[in-house]
Amino acid sequence: MGVEGIGARVLRKEDQRFITGKGRYTDDFNRPGQLFAVFVRSPHAHALIKSVDISEAKDCEGVHAIYTGEDVAADGLGGMPCGFAPGGGPQNAPPRPALLKDKVRFVGDMVAVVIAESVALARDAAGKVNVEYEALPSNTDTAKAMDADTPQLHEEAPNNVVMHWEIGEADPVEAAFAKADHVTSLDIINNRKVPNAMEPRAANAEYDPAADSFTLYTTSQNPHITRLLLAAYVLGISEGKLRVISPDVGGGFGSKIPFYPEEAVVTWACRKVSRPVKWTSDRTEAFLSDTHGRDHVTKAELAMDKDGKFLALRVDTKASLGAYLSTFGMLSSTYLYGTVLSGPYDIPAIHCKVSGVFTNTCPIDAERGAGRPEATYLVERLVETAARETGIGVVEIRKRNFIREFPYQTAVVLQYDTGDYETALEMALDKADYAGFEARKKESAANGKLRGVGFSTYIEACGLAPSNIAGAIGAGIGLYESAEIRFNPTGSVSVMTGTQTQGQGHETAFAQVVASKLGIEVGNVDIIHGDTGSVQWGHGTYGSRSLAVGGSAISAACDKVIEKAKKVAAHMMEADAADITFENGEFSVSGTDKTKTIGEVILTAMVPHDYPLTDMEPGLDQRSFYDPANFTYPAGTHICEVEVDPDTGVTEVVKFTAVDDFGNVVNPMIVEGQVHGGVTHGVGQALFEKALYDEEGQMVNASYMDYIIPHADNVPSFAVGYTNTPCTHNPLGVKGCGEAGAIAAPPAVINAITDAIGVRDLDMPATPQKVWDIIQSNGSAKAAE
Amino acid sequence: MTTVSMTVNGKEVSADVEDRTLLVDYIRENLKLTGTHVGCDTSQCGACVVHVDGKAVKACTMLAAQAAGSEVVTIEGLANGGDLHPVQAAFHEHHGLQCGFCTPGMIMTAVDMIERAKASGQKLDEATIRSELEGNICRCTGYHNIVRAIEAAAG
Amino acid sequence: MYETKYHRASSADEAVKLAGSADDGQFIAGGQTLIPTMKQRLASPSDLVDIRNIDAMKGVNVDGNKVTIGAATTHAEVADAPQLRAVCQGISDLAGHIGDPAVRHMGTIGGSVANNDPAADYPAALLALGAEIITNNRTISADDFFTGMFETALEDGELITSISFTVPDKSAYSKFPNPASRYAMAGVFVAKGGDGVRVAVTGAGSDGVFRHAGMEEALGSNWSADAVADADVDEAMMLSDIHGNAAYRANLVRVMAKRAVAAAG
């Protein structure tokens, strides 16, 4: 029969509601009698709270309640928990109350909440909460955080150090550098980036006194983890007394992974005011308080022999974690970073040291790629720079160092199961018409433009994660995924997944997996997610894990269904279960022409009038938990061509080619969309984006008036291609595609600009001013070529 | 409070609101049409674009009172019964959306763009489309498929 | 936004009267700057007088070599007026690149000129075209009108009703947009007409829009992009911010001037 399943370009089931304005995001939900919360935030980067005077504000029109840090403390509300500490033990992890009462540590830190009849009235009153601060010196500079004269944020963290972490062995690295013929060294800043999901965060909490339970609607990538942290660590209630619903979520990019103090406060407060309480962030609040990503300062060195063979890599990084530890803040700058420093290359010795530090800035957590972009950026900048310094050539140096034997044990813990890096590179060279580059460069020059080309051959570790590894390295949770398949008598199915979509198309792609496995039309498969009230425990969506781990759980649950269904079919066809085969939605008895469709089997199992009830339970529902045996390792080659206008310093990405190996592809349309979006994040980081704090610790570009986010005219159409070495350890052979573009693109763009303007060092973002300054200082030699 | 009346998606509507009420809040809070979104505070993201008297405007940068007496069309009013507007259909066919949050504003902008281009006999090439999308931000798609969808719908 | 009182005027006289009788009345046309400012609580007028529906203040009229644009004419209407494009492409192009399409459907020339944002486009055009700003009680030359950043010669309660200028022989505008806000970081309008050459610069100057005498002189004797390529732009007069320092902006002024002259032909 054949249904459209894995590999087909199936149009998205979820589109219908989004294109007609019927999507339901958190702010679209209104509960009867709801009140509105507005937070009073610190205007200081670092200050003591001397007093909070609410006397004027509490008498304002429409105000129901105002709560301060004192109220939170008096109620014994737990602090914001940290869900990951590298090495297992707590590092210098100071407490973070949901509302501060003694001291604030970044602009945007929360001091009080005003709860009123409308947002406007709450805002009117919030303006009348008088907080007296004693400003303290502050520091937003990651490089200076550990200096002796730098202001200290937390007593618990001397010298602002959260942790010193390292991976790899130092001695072999030192020995390799000692005998190296060539060393390439770069000082690299990986710019602090603001995720900027288009849907601002929101939370709407309601308390049911009859059941003594809470319901929280919130913008989360992982509602079960929010439930765990909020119930068990903050409110001190049974998880069963809290239902967390993440309805449609308008983008996340990591910023909706953490559990936030706003979620804690509205949930706590809704019981105190006996009314639902809703909060919706505005964009400036989002810039100030959505967790940021990156913010590394690194010295990176690559040692080579005379043939350009890599001998060793040495990395020393200072990583800002912001003013507090966000839920998974320390993960991005440790295990998601140091473990992928080998890239796609055979590097015998690697040693990486990371110092995690506090600065008076918004807390850091995952941002699309999370650690892997930082690692890939430094490796690919080093490789390209080394190729230019040695004259080996940017393509040749990669070919000389690619890993070719799998499995491959890196010097930084991970073992790559499979890959084929050269095929992707060759395909990208062809697709990008690399051979024609010189001609295009001449043409650009004739138009007064400087053209350059840059490469990035990346690898990432995705499909988070084997739970035993997660536990060993310090995660407070497992990282398996769950699936439950529930049947309806007429043959349609509901599939509960513990992952959560923010636009990745799970409702379609997961349905395709079920369609292929069970032979049920995509239209008859409903994917249910994002509600702890109806979905079994799961870990949410991040780290390009949803298909590789969540999809594998669905696949495993389908296998269980098939196993049982074969017994039902055997009964129906009076055969032995061992003789039943299942293909394309049809059960057959080997060696006969007897067949039963999956629909017939479902009906028989659900309406068991003629069924071996003494041997088997009725029904076909099954549940599966899938814990991956290893990470997955997507890889590929991205090639960027830019034109720089020497008069203005403006860089235009004129051509971008991405060839990726994501293993098997379930829906090529969705995968391409993920590549386009990921690359655009990467172009944004390379050319435009950086959270800028001034001397006083104010974020000076906390709106779209000043923070540059890629617009349609900032990026080209992309050329996308695939190679495929299926993942060896999950049942679908898939690797994950959501982060690849954000990981691969930044070094490709910067390598292209440095090629175009003939410079070695260039930090992101490559703003017009910065590029123009370089062109001015290195003369017009290049322009005259 | 002032009574503000207008026609929204072909229906006469009326509500008592403060004069400071923005058109987008009137649409979302008073009319409960939540397809029109708010993604920024500075009139730049375009998630709130609706049509007022046949022209695309940012509903976050217009008072409801300014629109009194006007004909307003929101994303909910674009489809003709069960039939999608060709631009809606093109966004679906070309995968021009992911999380869907910017999508209503994108579609309303695209409809306006295509109608203006048709009226003036202008050809909507890729560069023009990208330039015309200056007031709409998407963080998911990288714009590639939005451009494809608009090209297809423009014909 | 703080609460305010909204009024809709049907004539300029009524608008002036309504604004005059309020505690702190303010005219609102498209509101594309005023409403965001009020949303940020940086402006809190007690009363708003909406002038967008005053028919007498709308439209583009070209009569011989005289152009008159009603103050409540939107950027889109200015950009799309074929009779204007035929005689002064520079201002048509300028209007067609203000903000984005939705902003252009609401924002008006009068509102933009009255606000005199240092990064707005229209002030450069009016200054370079030697335009006149006509209010409810007088006519002010552009040279006298723009008095500094967000400052104009308008009195309290005075309402711009139209803008007029003489058709130039040649004109063009070239803008380097701020990569985030898309306002001008440097915008140069060049015009050549009966009164000679006028060059006005917006976005870059620390005191708002200004004319550049050196470029005017150079172009007066040699109308070519090369004539302004090495013009002396005083960095001390330039804005400096996170998007570009004074030296960079001075360079942009030269580059935009070159491109404007080239575009004007």
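This is a short tour of a predicted model, chain by chain and contact by contact.

**Stop 1: chain C on its own**

Select chain C and hide the rest. Chain C has 12 helices and 14 strands. Turn the C-alpha trace along its principal axes, and it spans about 55 × 45 × 30 Å. Its radius of gyration is 18 Å, which agrees with the value near 18 Å for a compact globule of 265 residues. Now colour chain C by burial. Of its 265 residues, 60% count as buried. Look also at which parts of the chain meet. Among contacts in chain C with a separation of 6 or more, 58% come from residues 24 or more positions apart.

**Stop 2: where chain A meets chain C**

Bring chain A back. Select the residues of each chain that touch the other. You should have 21 residues of chain A in contact with 22 residues of chain C. The area buried between chain A and chain C is about 1600 Å². Carbon and sulfur atoms give 55% of that area.

Next, show the charged side chains here. There are 5 salt bridges between chain A and chain C. Zoom in on C:Arg182 and A:Asp713, which form a salt bridge. Their closest N and O atoms are 2.9 Å apart. Across this interface of chain A and chain C, 10 residue pairs are in polar contact, counting pairs with both residues at pLDDT 80 or more.

Stay on the chain A side. Select α4 (119–126) and α20 (768–777) of chain A, the elements that give two or more residues to the side touching chain C. That side of chain A divides into 10 nonpolar, 5 polar and 6 charged residues.

**Stop 3: where chain B meets chain A**

Hide chain C and show chain B with chain A. Here 45 residues from chain B and 55 residues from chain A take part in the contact. About 4100 Å² is buried between chain B and chain A, with carbon and sulfur atoms giving 54%.

Pick out the salt bridges. This interface of chain B and chain A has 5. For one of them, select A:Glu689 and B:Arg139. Their closest N and O atoms lie 2.8 Å apart. Then turn on polar contacts. Between chain B and chain A, 30 residue pairs are in polar contact, with both residues at pLDDT 80 or more.

Which elements of chain B give two or more residues to the side that touches chain A? Select α1 (23–30), α2 (86–93), α3 (103–120), α4 (126–132) and α5 (144–154) of chain B. Of these, α2(B) gives the most, with 4 residues. The side of chain B that touches chain A holds 16 nonpolar, 17 polar and 12 charged residues.

**Stop 4: A:His46 and its neighbours**

Return to chain A and centre on A:His46. This histidine sits in the loop between β1 (35–41) and β2 (47–53) of chain A. Is A:His46 buried or exposed? A:His46 is buried, since its relative accessible area is 3% and the cut-off for buried is under 20%. Look for the backbone oxygen of A:Pro137. That oxygen lies 2.8 Å from a polar atom of the A:His46 side chain. Now show what else touches A:His46. The list of residues beyond four places away in sequence includes A:Lys103, A:Arg105, A:Ser138, A:Gln152 and A:Asn360.

**Stop 5: two cis peptide bonds in chain A**

Select A:Phe406 and A:Pro407. The peptide bond that joins them is cis, with omega about -5°. A:Pro407 lies in the loop between α11 (394–401) and β16 (408–409) of chain A.

Move on to A:Met764 and A:Pro765. The bond from A:Met764 to A:Pro765 is cis too, with omega near -10°. A:Pro765 is in the loop between α19 (740–757) and α20 of chain A. You saw α20 at the contact with chain C.

**Stop 6: two residues with positive phi**

Select A:Asp212. Its phi is positive, about 50°, although it is not a glycine. A:Asp212 lies in the loop between β9 (202–208) and β10 (213–218) of chain A. A:Asp212 is partly exposed, with a relative accessible area of 36%.

Finish in chain B at B:His95. Phi of B:His95 is near 55°, again positive in a residue other than glycine. B:His95 is in the loop between α2 and α3 of chain B. B:His95 is buried, with a relative accessible area of 2%.

Conventions: Residues numbered from 1 in each chain as written. Chains lettered and ligands numbered in written order. Predicted model: local features only at pLDDT ≥ 70, side-chain atom pairs only at ≥ 80, totals over all residues. Heavy atoms only, no water. Contact = heavy atoms within 4.5 Å. Buried area = accessible area lost by both parts, 1.4 Å probe. Salt bridge = Lys/Arg side-chain N within 4 Å of Asp/Glu carboxyl O. Polar contact = N/O pair within 3.5 Å; in protein donor to acceptor, adjacent residues only side chain to side chain. Nonpolar A, V, L, I, M, F, W, Y, C, P; charged D, E, K, R; others polar. Rg over C-alpha atoms; globule rule 2.2 N^0.38 Å. Buried < 20%, exposed > 50% of the residue type's maximum accessible area, 1.4 Å probe, protein only.
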